[in-house]
Amino acid sequence: MSQIDEFFLIEKYFKNIGSKFLSKKNFILGSGDDSAVFKSTNNLCYSVDQNYEGIHFPKSLPPEFIATRSVLRSFSDISAMGARPLWFSVALACDLDEKFINDFSRGLNKVSNLLRVPLIGGDLIKTSQKSVTVSVSGETKKNSHLSRSGAKHNQNIYLTGELGLARKGLEEIKENCNKNIYRKKNVKRFIFPKLRLEISNSISQFASSCIDVSDGFIADLEKILIPSNQGAVINLDKIPRIDKSSLEDFTFGDDLELIFTADKKYHKKITKLSDNSGINISLLGQTKKNSRIKYLLNNDEVLFPRKKGWNHGKK
């Protein structure tokens, strides 16, 4: 299809995405005005992420999956706060090819229906390099949100799921662009990340800190421990992972699993939550105040390089 006017494309492909959820999310105005308007009596969480072609997704990735991956990555931040998704907005930069826009909007619709949230606005920009900027919002009950810096001495440290699926999926996409590749388990985790909303909403009542694994397990764990003035002894053998022959799964981002801390008295409740949800939750160790962070693998200490995960400012 050819390139078409920006406003025509917005009206045709984006304006009504998730509009059926507007009233349920307390919106007075949705997309179409200069701003959306909504009311809320709860605490609101807000996050924004940029996604660039060649950095956050490969150039060969179909537009539908650029959309699903970009939006779900952003909502993972809402999940890590123990919040309930409310809405999202998208600013898309591309060449305004109508087929690309059509396929991209299909991905947005999938996420909207999955999370039952409306697209409330955004922007469309003509440019040669594709990028997607996603803003998301969620809400929590008052004083029940999770943060990174609340870990306390002698608390348990947990991780949901397993590591390495997204890394393996990205490798498979780069090796094979065949359409059938997008049906594979690992590839699905990269293009359609699973959010741990059921877990985060449940633990928000008692967990002391939480973060999603977006920059790598080691890097993100330290974003909890260091601001909380805690050390730890972490048993890496307890972590389910794809590749047992290397340390890559500990440092690669995009798994979007949750790391969280909680008092030991909640261990049975967490075990029951894992059983009921069918999501593995691994106990990795305990926090130790004013101590260093020590990683053990096969009973030996592992020293990770200074670059422990993804960081845009480091090469």
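**Note on the sheet, its helices and the nonpolar cores**

1. Ala-93 has Ser-131 of β6 standing opposite it, in what should be read throughout as a predicted model. The strands β4 and β6 pair in the antiparallel sense, and nine bridges join them.

2. Two helices pack here: α2 lies across β3, β4 and β6 and runs at about 35 degrees to β6, while α3 packs on the sheet with contacts to β4, β5 and β6, its direction making about 170 degrees with that of β4.

3. The sheet itself is open and has four strands in the order β3-β6-β4-β5, with mixed pairing. Because β3 (43–52) and β5 stand at the edges and each has a single partner strand, one side of each is left without a neighbour in the sheet. From one strand to the next, the twist averages 15 degrees.

4. The largest nonpolar core has 42 residues, and those with the most contacts inside it are Phe-14, Phe-75, Phe-88, Val-90, Leu-92, Phe-104 and Leu-108. Two or more residues come from each of α1 (6–13), α2 (63–80), β4 (84–94), α3 (98–115), β5 (119–126), β6 (131–140), α4 (165–175) and α5 (185–191), and among these elements α2 gives the most, with seven residues.

5. Which residues does Leu-108 touch, not counting those up to four places away in sequence? Leu-108 touches Phe-14, Ile-17, Ala-67, Val-71, Phe-88, Val-90 and Leu-119. Apart from the largest core lies another, of 23 residues, including Leu-159, Phe-217, Leu-225 and Val-302.

Conventions
Residues are numbered from 1 along each chain as its sequence is written. This is a predicted model: local features need pLDDT of at least 70, side-chain atom pairs count only at pLDDT 80 or more; totals for chains, interfaces and linings use all residues. Side-chain values use heavy atoms; hydrogens and water are left out. A nonpolar core is a set of buried Ala, Val, Leu, Ile, Met, Phe, Trp, Tyr and Cys residues joined through side-chain atoms within 4.5 Å. Buried means under 20% relative accessible area, exposed over 50%, partly exposed in between (1.4 Å probe, protein chains only). Contact means heavy atoms within 4.5 Å. Two strands pair if DSSP finds at least two bridges between them. Axes are lines fitted to C-alpha atoms, for helices over the stretch in contact, and angles run from 0 to 180 degrees between N-to-C directions.
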